[in-house]
Amino acid sequence: MRHRIDVDGPGHPDEVWDRYARPGRWPEWSPQIRSVEYAAERITPGAGGTVRGPARLPVRFRILDVDPTGPRRSWSWTASTAGVRLTLHHTVEPTATGTRTGLLVDGPAAVVLAYLPVARWALRRLVR
């Protein structure tokens, strides 16, 4: 299943992008992420790591591509655990009042549908 959500907020696009581009910042705005193990400071195509959520379950990830130029910046990654894999594509673009971030999630329907409310909550925090 593939599903897209968009969230607008007052955050400046450069700050929103920085929160995405630095995995060490993901727990600041994404409540489902408690910690990130990632060797580099910024997301880089081909690099991978592990995020851990509330249950400390390791979710391995790999960055697929990054386009930091814009006005519309984007990046994609895969995340997998327990035999389940999601592909996520993120966008960040300026609006008249702040930033719009988009998320396209592709994976098993039950997992995508369960993830969407959590993702929307996190994205609202991202664009504040």
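Let me start in the middle of the sheet, where strand E5, residues 73-81, and strand E6, residues 84-95, run antiparallel and are joined by nine bridges. Within that pairing, Ala79 has Leu86 of E6 as its bridge partner. I should say at once that what we are looking at is a predicted model.

Widening the view, these strands belong to an open sheet of seven strands, ordered E1-E7-E6-E5-E4-E3-E2, with antiparallel pairing. Strand E1, residues 2-9, and strand E2, residues 35-38, are the edge strands, each of them pairing on one side only. On average, and ignoring direction, neighbouring strands of this sheet are turned by 25° against each other. Helix H1, residues 13-21, packs on the sheet, where it touches strand E4 (58-67), E5, E6 and strand E7 (98-106), and the direction of H1 makes about 160° with that of E6.

Now to helix H3, residues 109-126, which lies across E1, E6 and E7 and runs at about 15° to E1. H3 has 18 residues and reaches 25 Å from its first C-alpha to its last, which is close to the 26 Å expected at 1.5 Å a residue. There is nevertheless a kink of about 35° at Leu116, shortly before the proline Pro117. As for burial, the buried residues of H3 are Val112, Leu116, Ala119, Ala122, Leu123 and Leu126. When we look at this spacing, it helps to recall that an α-helix has 3.6 residues a turn, so residues three or four places apart point the same way. The buried residues of H3 pack against E1, H1, helix H2 (26-29), E6 and E7.

Let me finish with the charged side chains, for which a search of the whole structure finds 13 salt bridges. One of them is formed by Asp106 and Arg2, whose closest N and O atoms are 3.3 Å apart. Because Asp106 lies in strand E7 and Arg2 in strand E1, this pair ties together parts that are 104 residues apart in sequence. Asp106 is partly exposed, at 27% relative accessible area, while Arg2 is exposed, at 57%.

A second salt bridge links Asp18 with Arg25, with the closest N and O atoms 2.6 Å apart. Here Asp18 counts as buried at 16% relative accessibility, and Arg25 is buried at 17%. The side chain of Arg25 also meets that of Glu28 in a salt bridge, at 3.0 Å from N to O, and Glu28 is partly exposed, with a relative accessible area of 46%. Through shared partners, salt bridges join Glu15, Asp18, Arg19, Arg22, Arg25, Glu28, Glu41 and Arg42 into one network.

Technical notes
Residues are numbered from 1 along each chain as its sequence is written. This is a predicted model: local features need pLDDT of at least 70, side-chain atom pairs count only at pLDDT 80 or more; totals for chains, interfaces and linings use all residues. Side-chain values use heavy atoms; hydrogens and water are left out. Two strands pair if DSSP finds at least two bridges between them. Helices (H or I, at least four residues) and strands (E, at least two) are DSSP runs, numbered from the N terminus. Axes are lines fitted to C-alpha atoms, for helices over the stretch in contact, and angles run from 0 to 180 degrees between N-to-C directions. Contact means heavy atoms within 4.5 Å. The expected span of a helix is 1.5 Å times one less than its number of residues. The bend at a residue is the angle between axes fitted to the seven residues ending there and the seven starting there. Buried means under 20% relative accessible area, exposed over 50%, partly exposed in between (1.4 Å probe, protein chains only). A salt bridge is a side-chain nitrogen of Lys or Arg within 4 Å of a carboxyl oxygen of Asp or Glu.
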